[in-house]
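Please look through the sequence and the structure below. The paragraphs that follow take up a few residues in turn.

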Amino acid sequence: TEDEAIVVISGLSNTYSSYTTTFEEYQAQRYEGASTVYGPNTHRAYVELFEGLASALAKGEPVEVGPSPPDLSDKQISLLPDVLLDGVAVESGKWYGDIEVDLNGNEFKNDGTAEVTITYNS
């Protein structure tokens, strides 16, 4: 039931929990309210938990760790291409980052233009 609910504030590393609005702002469903992904009581839950954390910190009291979220890293997908590392052959005899056309000892001046060609895989 709702009275037995346990609120857990957690986030993935390198991310944030999106927008947090008051109950009233959530009801309006403007941009921020519609982007509050944990529902209309997100703000109230944050306030209650942060009040408890701040109080414990001020009093020097320990804080219960609480439940750990499940490790879902093996279920996450990525839509980014793999990183192409140096040392990876892109063509027979050519490696990513190889210099194909060098300055060949030509003098380079501060206001000049240098032209170098490197191998890459497009």
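Where is the place of Thr 21? The model is predicted, and in it Thr 21 belongs to the segment before α1, the helix of residues 23-28. Thr 21 counts as buried because its relative accessibility is 3%, and buried means under 20%. The side chain of Thr 21 makes a polar contact, at 3.3 Å, with the side chain of Thr 36. Thr 36 is also one of the residues in contact with Thr 21 when neighbours within four places in sequence are left aside. The others in that set are Tyr 26, Glu 32, Gly 33 and His 43.

The next stretch is the loop between α3 (42-59) and β1 (89-91), where Val 63 lies. With a relative accessibility of 45%, Val 63 counts as partly exposed, since that class covers values between the 20% limit for buried and the 50% limit for exposed. On the surface, Val 63 joins Phe 50 and Leu 53 in a nonpolar patch. Together the three residues have about 270 Å² of accessible area.

Gly 66 is placed in the loop between α3 and β1 as well. Its relative accessibility is 33%, so Gly 66 counts as partly exposed. How far apart in space are Gly 66 and Ile 6, C-alpha to C-alpha? The distance is 9.5 Å, while in sequence Gly 66 and Ile 6 are 60 residues apart.

To return to the two ends of this account, Thr 21 is buried at 3% relative accessibility, whereas Gly 66 is partly exposed at 33%.

Conventions
Residues are numbered from 1 along each chain as its sequence is written. This is a predicted model: local features need pLDDT of at least 70, side-chain atom pairs count only at pLDDT 80 or more; totals for chains, interfaces and linings use all residues. Side-chain values use heavy atoms; hydrogens and water are left out. Patches are made of residues with over 30% relative accessible area and no salt bridge: like charges are joined within 9 Å, nonpolar side chains (Val, Leu, Ile, Met, Phe, Trp, Tyr) within 5 Å. Accessible areas come from the Shrake-Rupley method with a 1.4 Å probe; for residues, only the protein chains shown count as cover. A salt bridge is a side-chain nitrogen of Lys or Arg within 4 Å of a carboxyl oxygen of Asp or Glu. Helices (H or I, at least four residues) and strands (E, at least two) are DSSP runs, numbered from the N terminus. Buried means under 20% relative accessible area, exposed over 50%, partly exposed in between (1.4 Å probe, protein chains only). A polar contact is a pair of N or O atoms within 3.5 Å; within protein, one must be able to donate a hydrogen and the other to accept it, and residues adjacent in sequence count only if both atoms are side-chain atoms. Contact means heavy atoms within 4.5 Å.
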